[in-house]
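Hi,

Here's the structure I promised to pass on. Have a look at it first, and my notes follow underneath.

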Amino acid sequence: MMTNLRGFKGFASVRSDYYNSTPNLKIDIDRERAATYGVSTSAIQSLLKNAYSQNYVYLIKQPDDQYQVISK
């Protein structure tokens, strides 16, 4: 796809932010057990997001720098 996009004259540059070796984590929330403790699934999701995402939702990478888009 990137090779095809590079062929179009309207693009100044074509880069990908996909990294095949980026670690991923899949978490299954036991909703019934969370409800037993009075914890909502959205509270668990928010806690995990704040703990592991460093509150940024997107990373813009440039050849010589990178910028984090911060979520508040």
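**What I found**

Of the chain's 72 residues, just 4% count as buried. Keep in mind that this is a predicted model. The accessible surface adds up to about 6900 Å², and carbon and sulfur atoms hold 52% of that.

On the fold: the chain has three helices and two strands, and their order along the sequence is α-α-α-β-β. If you take the contacts with a separation of 6 or more, 13% of them link residues 24 or more positions apart.

Now to the strands. Y58, I60, Y67 and V69 make a nonpolar surface patch of about 360 Å². Strand 1 (56-61) and strand 2 (66-70) both feed into this nonpolar patch, with at least two residues from each. One of the patch residues, Y67, lies in strand 2. Is Y67 exposed or only partly exposed? Its relative accessibility is 44%, so Y67 counts as partly exposed; the exposed class only begins over 50%.

Over in the helices, I looked at Q45, which belongs to helix 3 (residues 41-52). Q45 also counts as partly exposed, because its relative accessibility is 47%. How far is Q45 from I27 in space? Their C-alpha atoms are 9.7 Å apart, with the two positions 18 residues apart in sequence numbering.

That's what I have for now. Shout if anything is unclear.

Cheers

Definitions and conventions
Residues are numbered from 1 along each chain as its sequence is written. This is a predicted model: local features need pLDDT of at least 70, side-chain atom pairs count only at pLDDT 80 or more; totals for chains, interfaces and linings use all residues. Side-chain values use heavy atoms; hydrogens and water are left out. Helices (H or I, at least four residues) and strands (E, at least two) are DSSP runs, numbered from the N terminus. Buried means under 20% relative accessible area, exposed over 50%, partly exposed in between (1.4 Å probe, protein chains only). Contact means heavy atoms within 4.5 Å. Accessible areas come from the Shrake-Rupley method with a 1.4 Å probe; for residues, only the protein chains shown count as cover. Patches are made of residues with over 30% relative accessible area and no salt bridge: like charges are joined within 9 Å, nonpolar side chains (Val, Leu, Ile, Met, Phe, Trp, Tyr) within 5 Å. A salt bridge is a side-chain nitrogen of Lys or Arg within 4 Å of a carboxyl oxygen of Asp or Glu.
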